[in-house]
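Me: Walk me through this one, please. Start with any term I'll need.

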Amino acid sequence: MSTETGAGEVNHRARASEAYRLWWQHDANWYQGVAARFGQQAANEINAEAMRKVALKVAQQVARRSGPLPGTGDSGKDLEELRRRYDDCGDRMFPPELRNASTEVEGDDLIVLTLRRNFAITMVRMSGSLEGYQCPCTDIHAGWSEGLGVTLTENRAESCLRDGDKACRLLMRVATPVATPVASGGEG
């Protein structure tokens, strides 16, 4: 994909896609370097810590823009709003052209994220680093949850593209109620 049009003007979308690829190439090389020098476990731990920090920052931005979770007492409505905010976090961290994901509410306290395509797994596979790679998905969800002000009682992968499954199925069980309304009253 050319980053210039016929008139010498810059194609900003192509340039952004090129920047994504270059940063992911950097990330893959960085990961491989850490794994070679300090071991696969260290590379996985550092990657998970870094992803959690990014996820926390993204979720804090989403929370500031969206305001407090409603805490209506209707768990279905509250979980649906939380699900929408998780989607917003995912779209901000991983542009849709690089992943195929959806979330849904199941029951009174469960949000399920299904990933059918994950560019991180694709890039790790292409770089030859898939062996020993541990996905940081639960760390990402922990960061999102913390940034959104939500407590998870369960945060786990039920299936994973990395393991050859057709999709990642990630379970986030939310402590209910989703939000506790702030008590009004004077200083005490």
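Reply: One term before the strands come up. Two strands count as paired when DSSP finds at least two bridges between them. Also, keep in mind that the model is predicted.

Me: OK. In what sense do β1 and β2 pair, and over how many bridges?
Reply: Antiparallel, over 8 bridges. β1 covers residues 99-106 and β2 covers residues 110-118.

Me: Give me one register point. Which residue in β2 is the bridge partner of threonine 103?
Reply: Leucine 113.

Me: And the turn of that hairpin: how many residues sit between the strands?
Reply: There are 3 residues between β1 and β2. Glycine 107 takes a positive phi there, near 75°.

Me: Back up a bit. How many helices and strands does the protein have?
Reply: 5 helices and 4 strands. Along the sequence, the pattern reads α-α-α-β-β-α-α-β-β.

Me: What share of the residues is buried?
Reply: 39% of the 188 residues.

Me: And contacts: what part comes from residues 24 or more positions apart?
Reply: 57%, taken over the contacts with a separation of 6 or more.

Me: Now empty space. What is the volume of the largest pocket?
Reply: About 350 Å³. Its lining has 14 residues.

Me: Which of them lie nearest the centre of that pocket?
Reply: Trp23, Trp24, Met51, Met93 and Phe119.

Me: Which helix gives the most to the lining of the largest pocket?
Reply: α1, with 5 residues. α1 (12-38), α2 (40-66) and α3 (75-93) each supply at least two.

Me: How does that lining divide by class?
Reply: 10 residues are nonpolar, 2 are polar and 2 are charged.

Me: Next pocket. What volume does the second largest have?
Reply: About 240 Å³. The elements that give two or more residues to its lining are α1 and α4 (119-126).

Me: Which residues line the second largest pocket?
Reply: Ser17, Tyr20, Arg21, Trp24, Glu97, Leu98, Arg117, Phe119, Thr122, Met123 and Met126. By class, that lining has 6 nonpolar, 2 polar and 3 charged residues.

Me: So what about closed space? How many cavities of 30 Å³ or more does the structure hold?
Reply: Just 1 cavity. The volume of the largest cavity is about 310 Å³.

Me: How many residues line the largest cavity, and which lie nearest its centre?
Reply: 25 residues line the cavity. Nearest the centre are Met51, Phe94, Asn118, Ala120 and Ile140. The class split of the lining is 19 nonpolar, 4 polar and 2 charged.

Me: Which elements each supply at least two residues to the lining of the largest cavity?
Reply: α1, α2, β2, α4 and α5, the last being residues 137-148.

Me: Let's do α5, then. Is the helix mostly covered or mostly uncovered?
Reply: Mostly covered: 9 of its 12 residues are buried. They are Cys137, Ile140, His141, Ala142, Gly143, Trp144, Ser145, Gly147 and Leu148.

Me: What covers the buried residues of α5?
Reply: The cover includes α2, α3, β2, β3 (152-159) and β4 (168-174).

Me: Quick geometry check. What should the 12 residues of α5 span at 1.5 Å a residue?
Reply: 16 Å. The end C-alpha atoms of α5 are 16 Å apart, so the two agree.

Me: What residue follows α5?
Reply: Glycine 149. Its phi is positive, near 80°.

Me: One residue to finish: histidine 141. Where does it sit?
Reply: In helix α5.

Me: Why does histidine 141 count as buried?
Reply: Because its relative accessibility is 3%, and buried means under 20%.

Me: What is histidine 141 in contact with, leaving aside neighbours within four places in sequence?
Reply: Leu113, Leu152, Asn155, Leu170 and Met172. Leu113 is familiar: leucine 113 is the bridge partner of threonine 103.

Me: How far apart are the C-alpha atoms of histidine 141 and alanine 59?
Reply: 9.7 Å, although 82 residues separate them along the chain.

Note on methods:
Residues are numbered from 1 along each chain as its sequence is written. This is a predicted model: local features need pLDDT of at least 70, side-chain atom pairs count only at pLDDT 80 or more; totals for chains, interfaces and linings use all residues. Side-chain values use heavy atoms; hydrogens and water are left out. On a 1 Å grid over the protein atoms alone, a cavity is a set of points where a 1.4 Å probe fits but cannot get out, and a pocket is an open set with protein on both sides within 12 Å along at least five of seven lines; lining residues have an atom within 4 Å of a point. Grid points are joined across faces, edges and corners, and a volume is the space filled by probe spheres set on the points. Ala, Val, Leu, Ile, Met, Phe, Trp, Tyr, Cys and Pro count as nonpolar, Asp, Glu, Lys and Arg as charged, and the others, Gly among them, as polar. The expected span of a helix is 1.5 Å times one less than its number of residues. Buried means under 20% relative accessible area, exposed over 50%, partly exposed in between (1.4 Å probe, protein chains only). Contact means heavy atoms within 4.5 Å.
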